Amino acid sequence: FQAEHYGERNFHFGVREHSMAGILNGMALHGGLIPYGATFLIFSDYMRPSIRLAALMNLKVIYVFTHDSIGLGEDGPTHQPIEQLAALRAIPNLTVLRPCDAAETAEAWRFGLTKERGPVAIVLTRQAVPTLDRKSFAPSERFHRGAYVLLDPKEGKPNVILLASGSEVHIAIEAAKKLELKGASPRVVSMPSWELFDVQPELYQAQVLPREITARVAIEAGVTQGWHRYVGEKGEIIGLDHFGASAPYKILYEKFGITADKVVEKALRLLAG
């Protein structure tokens, strides 16, 4: 799409995130289509003024943010988002979605396209993550409630809850398998959107996060800010309250303790405590 050639669908914005976000707002105000723009999550910082205005004006704009964590790896700490998820969640009227696999990503797009008013940010990983077999896990349609029980113990009631978003959901699943071998009864909760979960009825929220289960561990490769409201006073959070480093992402996750073994360690400590 360019001067004298208006028949195509793509703008080549270049490395111009601030301009891109402003143009998306103009397109949404003009009407007639649903505009979306895509870039690395770290560069949402350049777009923040226009994202805020989109939220303020209830504009239907979709932002696609990729490379959403230190999993970016060798590009180093300048390109690895740490506080950006928390910064986006702090914007009123912006719905932030961080899906865990292809099925949840499809539901994120479905939500973005059908939401009547207000902007949506879809936050995606760089890592290759498996698509969960929904015969063994809960249906991805439950994504629209913001958080849902993805996996429960094979027998009995859960005694510890593992909460995660995005690619870290797979770490929670791995940890749950290890916890079961150690005699625990873990529940895995996929939590792609705080905003959607927070507007659910209290009864549903209590079904997903029963008050009597105080042993809770949240896993997200970003600042821990905000997760305390979901894990409670006795819960634990595995995240990053510091900048990243330049190395292959598996080494970074191991070095910074964002692993299934670390989740197991914290969960067992909570159950023993």
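This passage describes three helices of the model, their packing partners and a few residues beside them.

The structure is a predicted model, in which local features need pLDDT of at least 70 and side-chain atom pairs count only at pLDDT 80 or more, while totals for chains, interfaces and linings use all residues. Residues are numbered from 1 along each chain as its sequence is written, and side-chain values use heavy atoms, with hydrogens and water left out. Helices (H or I, at least four residues) and strands (E, at least two) are DSSP runs, numbered from the N terminus.

We may begin with helix α2, which covers residues 44–56. Its 13 residues should span 18 Å at 1.5 Å a residue, and the end C-alpha atoms are 17 Å apart, which agrees; the expected span is 1.5 Å times one less than the number of residues. The helix has a kink of about 35 degrees, centred on Ser 50. The bend at a residue is the angle between axes fitted to the seven residues ending there and the seven starting there. Ser 50 is also among the buried residues of α2, together with Ser 44, Met 47, Ile 51, Ala 54 and Ala 55. Buried here means under 20% relative accessible area, exposed over 50%, and partly exposed in between, with a 1.4 Å probe and protein chains only. The partners against which the buried residues of α2 pack are two helices, α1 (17–30) and α3 (84–89), and two strands, β1 (36–40) and β2 (62–66). Contact is taken as heavy atoms within 4.5 Å.

The pairing of α1 with α2 can be described further. Their axes come within 7 Å and cross at roughly 15 degrees, which makes α1 roughly parallel to α2. On the α1 side the contact is made by Glu 17, His 18, Met 20, Ala 21, Gly 22 and Asn 25, and on the α2 side by Tyr 46, Met 47, Ser 50, Leu 53 and Ala 54. The crossing of these two helices is right-handed. Axes are lines fitted to C-alpha atoms, for helices over the stretch in contact, and angles run from 0 to 180 degrees between N-to-C directions. Angles under 35 degrees count as roughly parallel, over 145 as roughly antiparallel, 65 to 115 as roughly perpendicular and the rest as oblique. A crossing is left-handed if the near helix is turned anticlockwise from the far one by less than a right angle, and right-handed if clockwise.

Just after α2 comes Asn 58, with a positive phi of about 60 degrees. Most residues other than glycine have a negative phi. Asn 58 is found in the loop between α2 and β2, and its relative accessible area of 25% makes it partly exposed. Glu 4 is another residue other than glycine with a positive phi, near 70 degrees. Glu 4 lies in the segment before α1 and, at a relative accessible area of 75%, is exposed.

Turning to α5, its 14 residues should span 20 Å at 1.5 Å a residue, and the end C-alpha atoms are indeed 20 Å apart. Its buried residues include Glu 168, His 170, Ile 171, Ala 175 and Leu 179. These buried positions are covered by elements including β5 (148–151), β6 (160–164), β7, β8 (216–219), α9 (249–255) and α10.

Helix α5 (residues 168–181) packs on α10 (residues 260–272) at an angle of about 55 degrees, with the axes 8 Å apart, so α5 is oblique to α10. The crossing is right-handed. Ile 171, Glu 174, Ala 175, Lys 178 and Leu 179 of α5 meet Ala 260, Asp 261, Val 263, Val 264, Ala 267 and Leu 268 of α10.

For α10, 13 residues reach 18 Å from first C-alpha to last, close to the 18 Å expected. Among its buried residues is Lys 266, with a relative accessible area of 16%. Not counting residues up to four places away in sequence, Lys 266 touches Val 217, Glu 236 and Ile 238.

The loop between α5 and β7 (186–190) holds Ala 184, and Ser 185 lies there too. Ala 184 counts as buried at 9% relative accessibility, and Ser 185 is buried at 16%. Leaving aside neighbours within four places in sequence, Ala 184 is in contact with Asn 159, Leu 179 and Leu 271. Ser 185, counted likewise, touches residues including Pro 153, Glu 155 and Asn 159.
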